[in-house]
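Please load the model in a viewer and keep the selection panel at hand. The tour proceeds by selection, one stop at a time.

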Amino acid sequence: TPTRPPASAPAAAPATTAEAPPPKDATAKTSDPIEFHLVARADVAGDLGSLAVPALGPGLGIGVLLDRVRLEVTAIYLPPADIDVAIGGRTESVAELRLLTVGVDSCFALWNRAVSVGPCLGAEYGSVWGRGYGLTVNYAGAASWFAAFAGARATWWLSPALGVGVAIHAGLPLPHTRFTVTGIPDVHETGPVIGRARLGVEGRL
């Protein structure tokens, strides 16, 4: 008699694998940390308008870099400059003036690569010393100095720690200061706008 083939076993259900959920922060954007550096600089400052003649003097600055923002405390000293006036048909030096200031400066780098460039705003406070000489009555005196500045700064970073910087500013002295010598009025008066340029080396930590 014919034999019936054995019944085949039922087909096994296909195996399924559960996919692990993606990490919660897989699609979250991470922000770069804020770069922080200490900066210090020494430079030569050129000035036009603060004293009776164009002047050169040393300058210093120390501050911080926060990404594109630069905040500094600055100082400038303009050494004595002679003031010449016409007396009796001849020119004589009758006085000298010098300027010492301390200020604050803030800049924002619109371009921030190996060369950073951007606008700046600042203000400074200090004192102008004057001394008259060569006359019957000599004297010495001082006047307070305040000025607000706007301009631009550029720094070329030669390495991560060393750079060369240049800044050009226009300033508004408040109030205008007038200097006189006995018998000679209006020896010097600060102009409505002064010019200031600085060139020097910078260190970054």
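The stops below cover a disulfide, a set of salt bridges and a nonpolar surface patch, all in a predicted model.

**First stop: the disulfide**

Select Cys107 and Cys120, and display their sulfur atoms. These two residues are joined by a disulfide with an S to S distance of 2.0 Å. The structure holds 1 disulfide. With the strands drawn as ribbons, Cys107 is found in strand β4, residues 90-108, and Cys120 in strand β6, residues 115-132. The two cysteines are 13 residues apart, and the pair links distant parts of the chain.

Which hand does the disulfide of Cys107 and Cys120 have? The torsion about the S-S bond is about 110 degrees, so the disulfide is right-handed.

Next, colour the two cysteines by accessibility. Cys107 has a relative accessible area of 10% and is therefore buried, the cut-off being under 20%. Cys120 is likewise classed as buried, at 3% relative accessibility.

**Second stop: Asp47 and Arg196**

Salt bridges come next; their count in this model is 9. Begin by selecting Asp47 and Arg196, whose side chains meet in a salt bridge at 2.7 Å, N to O. Asp47 belongs to strand β1, residues 36-48, while Arg196 belongs to strand β11, residues 194-204. The partners are 149 residues apart, and this pair too links distant parts of the chain.

Are Asp47 and Arg196 buried or exposed? Asp47 counts as buried, with 3% relative accessibility. Arg196 also counts as buried, with 5%.

**Third stop: a network of charged side chains**

Select Arg70 and Glu72 and show their side chains. A salt bridge connects them, at 2.9 Å from N to O. Glu72 has a relative accessible area of 5% and is buried; Arg70, at 6%, counts as buried as well.

Then add Glu202 and Arg153 to the selection. Their salt bridge has its closest N and O atoms 2.8 Å apart. Glu202 lies in strand β11 and Arg153 in strand β7 (residues 139-157), so this salt bridge ties together parts that are 49 residues apart in sequence. Glu202 is buried, at 2% relative accessibility, and Arg153 is buried, with a relative accessible area of 7%.

Which residues are joined into one network by salt bridges that share partners? Extend the selection to Arg41, Asp43, Arg70, Glu72, Arg153, Arg198 and Glu202, which form that network.

**Fourth stop: the nonpolar surface patch**

Clear the selection and switch to a surface representation. Select Trp111, Val115, Val117, Trp156, Leu158, Leu162, Val164, Val166, Ile168, Leu199 and Val201; these residues make a nonpolar surface patch of about 1,000 Å².

Now colour the patch by secondary structure. Which strand gives the most to the nonpolar patch? The answer is β8, with 4 residues. Strand β8 spans 162-173, and β6, β8 and β11 each supply at least two residues of the patch. Two of these strands have been visited already: β6 carries Cys120, and β11 carries Glu202.

Finish at Leu158, a member of the patch. This residue lies in the loop between β7 and β8. Its relative accessible area is 48%, and Leu158 is therefore partly exposed, since the exposed class begins over 50%.

Key
Residues are numbered from 1 along each chain as its sequence is written. This is a predicted model: local features need pLDDT of at least 70, side-chain atom pairs count only at pLDDT 80 or more; totals for chains, interfaces and linings use all residues. Side-chain values use heavy atoms; hydrogens and water are left out. A disulfide is a pair of cysteine sulfur atoms within 2.5 Å. Buried means under 20% relative accessible area, exposed over 50%, partly exposed in between (1.4 Å probe, protein chains only). A salt bridge is a side-chain nitrogen of Lys or Arg within 4 Å of a carboxyl oxygen of Asp or Glu. Patches are made of residues with over 30% relative accessible area and no salt bridge: like charges are joined within 9 Å, nonpolar side chains (Val, Leu, Ile, Met, Phe, Trp, Tyr) within 5 Å. Accessible areas come from the Shrake-Rupley method with a 1.4 Å probe; for residues, only the protein chains shown count as cover.
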